[in-house]
Amino acid sequence: METQTALSGLNREEFLRTLIMGAELRARPCEHHADLLRKISGLCNNANQLARLANTYKEADSEKVELMLRLVRATWEEVRDNW
């Protein structure tokens, strides 16, 4: 039980209360989780901006497309290396 308590990030009392209440317990996300979510959020924002520009002007600037590809690759490498 000590291992499960540590993995959950809860103290012993909170852990036991959660089990008694029948809630699903999951391991606490790793330290990279928040950073990864921020990067993915930024990537999605950039993709939306690029799509908006492409729809407005019926074309996408090759420099912006290249930037988007670099961001996608960097995010993929972060996920691959840390998850």
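This is a short tour of a predicted model, moving from a pair of helices to charged contacts and then to a surface patch.

Before selecting anything, note that residues are numbered from 1 along each chain as its sequence is written, and that side-chain values use heavy atoms, with hydrogens and water left out. Because the model is predicted, local features need pLDDT of at least 70 and side-chain atom pairs count only at pLDDT 80 or more, whereas totals for chains, interfaces and linings use all residues.

**The helix pair**

Start by selecting helix 3 (residues 32-57) and helix 4 (residues 62-82), whose axes come within 10 Å and cross at roughly 160°. Helices here are DSSP runs of H or I with at least four residues, numbered from the N terminus, and the axes are lines fitted to C-alpha atoms over the stretch in contact, with angles running from 0 to 180 degrees between N-to-C directions. Helix 3 and helix 4 are therefore roughly antiparallel to each other, a label given to angles over 145 degrees. Their crossing is left-handed, a term used when the near helix is turned anticlockwise from the far one by less than a right angle.

Next, pick one residue in each helix: Ala51 lies in helix 3, and Val79 has its place in helix 4. Val79 counts as partly exposed at 25% relative accessibility, and Ala51 counts as partly exposed at 36%; in this scheme buried means under 20% relative accessible area, exposed means over 50%, and partly exposed lies in between, with a 1.4 Å probe and protein chains only. If you draw a distance between the C-alpha atoms of Val79 and Ala51, you will find 24 Å in space for 28 residues in sequence. From Ala51 you can also draw a line to Arg28, which is 23 residues apart from Ala51 in sequence and 35 Å apart in space, C-alpha to C-alpha.

**The salt bridges**

Side chains of opposite charge can pair when their charged atoms come close. A search of the whole structure finds three salt bridges, each being a side-chain nitrogen of Lys or Arg within 4 Å of a carboxyl oxygen of Asp or Glu.

Select Asp35 in helix 3, where the side chain meets that of Arg38 in a salt bridge at 3.8 Å, N to O, the two residues lying three residues apart, about one turn of the helix. Asp35 also forms a salt bridge with Lys39, with the closest N and O atoms 3.4 Å apart; being four residues apart in helix 3, Asp35 and Lys39 are likewise separated by about one helical turn. Colouring by accessibility shows Arg38 as exposed at 55%, while Asp35 is partly exposed at 27% and Lys39 is partly exposed at 37%.

Then move to Arg73 and Glu66, whose side chains meet in a salt bridge at 3.9 Å, N to O. Arg73 is partly exposed, with a relative accessible area of 46%, and Glu66 counts as partly exposed at 35%. Returning to helix 3, salt bridges that share partners join Asp35, Arg38 and Lys39 into one network.

**The nonpolar patch and helix 2**

Now show Met1, Leu16, Leu19 and Ile20 as a surface: they form a nonpolar patch with about 390 Å² of accessible area together. Patches are made of residues with over 30% relative accessible area and no salt bridge, with nonpolar side chains (Val, Leu, Ile, Met, Phe, Trp, Tyr) joined within 5 Å and like charges within 9 Å, and accessible areas come from the Shrake-Rupley method with a 1.4 Å probe, counting only the protein chains shown as cover for residues. Ile20 has its place in helix 2 (residues 12-21) and is exposed, with a relative accessible area of 71%.

Finish with Glu13, also placed in helix 2 and partly exposed at 48% relative accessibility. A line from the C-alpha atom of Glu13 to that of Thr56, 43 residues apart along the chain, spans 56 Å.

Key: Parallel < 35°, antiparallel > 145°, perpendicular 65-115°, else oblique.
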